[in-house]
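Thanks, everyone, for making the time. I would like to walk through one model this morning, going from its charged contacts to its sheet and then to its interior, so please keep the sequence and the coordinates open while I talk.

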Amino acid sequence: MVKVTLIKSLNGQIKTVKDTVAALGLKKIRQSRTLEETPANMGQLKKVAHLIKVEQV
């Protein structure tokens, strides 16, 4: 399991990045979600790595 926190704003980001963050369940800055380490989730995390903080739980 990984804890994902949105740390930067989505302003100025392209639509695919905004959609990926929404698919991860993040809407507001400093909002956190706990996700399973599936290949699909890890690919999404890699795509938006510049906007989020990832911690092992």
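**Salt bridges, sheet and core**

Let me begin with a pair of charged residues: the side chains of Asp19 and Lys15 meet in a salt bridge, at 3.0 Å from N to O, where a salt bridge is a side-chain nitrogen of Lys or Arg within 4 Å of a carboxyl oxygen of Asp or Glu. Before going further, I should say that this is a predicted model, in which local features need pLDDT of at least 70 and side-chain atom pairs count only at pLDDT 80 or more, while totals for chains, interfaces and linings use all residues. Residues are numbered from 1 along each chain as its sequence is written, and side-chain values use heavy atoms, with hydrogens and water left out.

Back to that pair: because Asp19 and Lys15 are four residues apart in helix H1, about one helical turn separates them; helices here are DSSP runs of H or I with at least four residues, strands are runs of E with at least two, and both are numbered from the N terminus. Asp19 is partly exposed, with a relative accessible area of 39%, whereas Lys15, at 59%, counts as exposed. For those words the cut-offs are under 20% relative accessible area for buried, over 50% for exposed, and partly exposed in between, with a 1.4 Å probe and protein chains only.

By the salt-bridge rule the count comes to two, and the other pairing to discuss joins the side chains of Lys53 and Glu55, at 3.4 Å from N to O. Both ends are partly exposed, Lys53 with a relative accessible area of 41% and Glu55 at 32%.

Lys53 and Glu55 also lead us into the sheet, since the bridge partner of Thr5 in E3 is Lys53 and that of Lys3 is Glu55. In what order do the strands of the open sheet lie? The three strands run E2-E1-E3, with antiparallel pairing, and two strands are said to pair if DSSP finds at least two bridges between them. The edge strands are E2 and strand E3, residues 52-56, each of which pairs on one side only. From one strand to the next the twist averages 25°, taken between axes that are lines fitted to C-alpha atoms, for helices over the stretch in contact, with angles running from 0 to 180 degrees between N-to-C directions.

Strand E1, residues 2-6, pairs with E3 in the antiparallel sense over five bridges, and four bridges join E1 to E2, also antiparallel. On the E2 side, Val2 stands opposite Leu35. Four of the five residues of E1 are buried, so this strand is largely enclosed by the rest of the structure.

Within E2, residues 32-35, I would point to Thr34, which is partly exposed at a relative accessible area of 42%. Setting aside residues up to four places away in sequence, Thr34 touches Met1, Val2 and Lys3, a contact being heavy atoms within 4.5 Å. Thr34 and Thr5 are 29 residues apart in sequence, yet 8.9 Å apart in space from C-alpha to C-alpha.

Now to the interior. Which residues make up the largest nonpolar core? There are twelve: Val2, Val4, Leu6, Val17, Val21, Leu24, Leu26, Leu35, Leu45, Val48, Leu51 and Ile52, where a nonpolar core is a set of buried Ala, Val, Leu, Ile, Met, Phe, Trp, Tyr and Cys residues joined through side-chain atoms within 4.5 Å. E1 and helix H1, residues 15-23, each supply at least two residues of this core, and the largest share, three residues, comes from E1.

One member of the core, Val48, sits in the loop between H2 and E3, and Val48 is buried, with a relative accessible area of 0%. Leaving aside neighbours within four places in sequence, Val48 is in contact with Val17, Thr20, Val21 and Leu24.

I will finish on a polar residue, Asn41, found in helix H2, residues 39-47, which counts as buried at 18% relative accessibility. The side chain of Asn41 reaches the backbone oxygen of Glu36 at 3.0 Å. Beyond four places in sequence, Asn41 touches Leu35 and Glu36.

Methods
Polar contact = N/O pair within 3.5 Å; in protein donor to acceptor, adjacent residues only side chain to side chain.
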